[in-house]
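Biologist: Please take one part of this model, the charged pairs of side chains and the packing around them, and walk me through it closely. I would like each step of the reasoning to be visible.

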Amino acid sequence: MNLLHFIWKFVKAERLAFAIILLLSFMWTVETLFWPFFLRKIVDVLSAYDLNRLSVWPSLNPLLLFGAGLWITMECGFRFRDFLVARVVPRLDANIRMTMFDHVQRHSPKYFNDH
């Protein structure tokens, strides 16, 4: 349990960034669940206008615009999450390494021989 407290000490310092990373990671689930439903809606609209293909565009345009907007939003969210991970994780790793190095420097060689 001491290891969890040790790591939590560093995660707490960047809690907002880690919360955003966690929330943006849920977008993958939304994307996986939404796209089959969205494609079904497009197929339903296309099958409803089976005889006259030119009249399908007024009904299909809102779906396509919404799909394109959602796709762009999700891609931007994924990229922002990756940017935060690239910014926060190396700093977290460096802080943990430096704290461990400082902790080791405070002990004598006898401590390492006995423990």
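**Charged pairs and the packing around them**

Modeller: In this predicted model, Arg 91 counts as partly exposed, with a relative accessibility of 31%. Its side chain forms a salt bridge with Glu 14, where the closest N and O atoms are 3.2 Å apart. Arg 91 belongs to helix H4, which spans residues 57–105, while Glu 14 sits in the loop between helix H1 (2–13) and helix H2 (15–25), so this pair ties together parts that are 77 residues apart in sequence. Glu 14, the acidic partner, is likewise partly exposed, its relative accessible area being 22%.

With a cut-off of 4 Å between the side-chain nitrogen and the carboxyl oxygen, the model has five salt bridges. Among them is the pair of Arg 40 and Asp 44, whose closest N and O atoms are 3.7 Å apart. Both of these residues lie in helix H3 (residues 27–48), and they are four residues apart, about one turn of the helix. An α-helix has 3.6 residues a turn, so residues three or four places apart point the same way. Arg 40 is partly exposed at 44% relative accessibility, and Asp 44 is partly exposed too, with a relative accessible area of 38%.

The spacing recurs in helix H4, where Glu 75 and Arg 79 are four residues apart, about one turn of the helix, and where their side chains meet in a salt bridge with an N to O distance of 3.8 Å. The two partners fall into separate accessibility classes: Glu 75 is partly exposed, with a relative accessible area of 24%, whereas Arg 79 is exposed, with a relative accessible area of 60%.

Another arginine of helix H4 is Arg 81, and here the setting is a buried one. Its relative accessible area is 19%, and Arg 81 therefore counts as buried, because the class is limited to values under 20%. A polar contact of 3.3 Å joins its side chain to that of Asp 82. Once its neighbours within four places in sequence are left aside, Arg 81 is in contact with Ile 21, Leu 24 and Ser 25.

These contacts lead to helix H2, in which Ala 17, Ile 21 and Leu 24 are buried. Seen down the axis of H2, its buried residues fall within an arc of 70°, so they line one face of the helix. The face turned away from that buried side carries the exposed residues Arg 15, Leu 16 and Leu 23. On the buried side, the residues of H2 pack against H3 and H4.

Leu 24 also takes part in the largest nonpolar core, which has 12 residues, including Met 27, Phe 34, Trp 35, Ile 42, Leu 60 and Phe 78. The elements that contribute two or more residues to this core are H3 and H4, and the largest share, six residues, comes from H3. Within the packing, Ile 42 touches Leu 60, Leu 63 and Leu 64, not counting residues up to four places away in sequence.

To draw the charged pairs together, the bridge of Arg 91 with Glu 14 ties parts that are 77 residues apart in sequence, whereas Arg 40 and Asp 44 both lie in H3, and Glu 75 and Arg 79 both lie in H4.

Notes
Residues are numbered from 1 along each chain as its sequence is written. This is a predicted model: local features need pLDDT of at least 70, side-chain atom pairs count only at pLDDT 80 or more; totals for chains, interfaces and linings use all residues. Side-chain values use heavy atoms; hydrogens and water are left out. Buried means under 20% relative accessible area, exposed over 50%, partly exposed in between (1.4 Å probe, protein chains only). A nonpolar core is a set of buried Ala, Val, Leu, Ile, Met, Phe, Trp, Tyr and Cys residues joined through side-chain atoms within 4.5 Å. Contact means heavy atoms within 4.5 Å. The arc is that of the directions from the helix axis to the C-beta atoms. A polar contact is a pair of N or O atoms within 3.5 Å; within protein, one must be able to donate a hydrogen and the other to accept it, and residues adjacent in sequence count only if both atoms are side-chain atoms.
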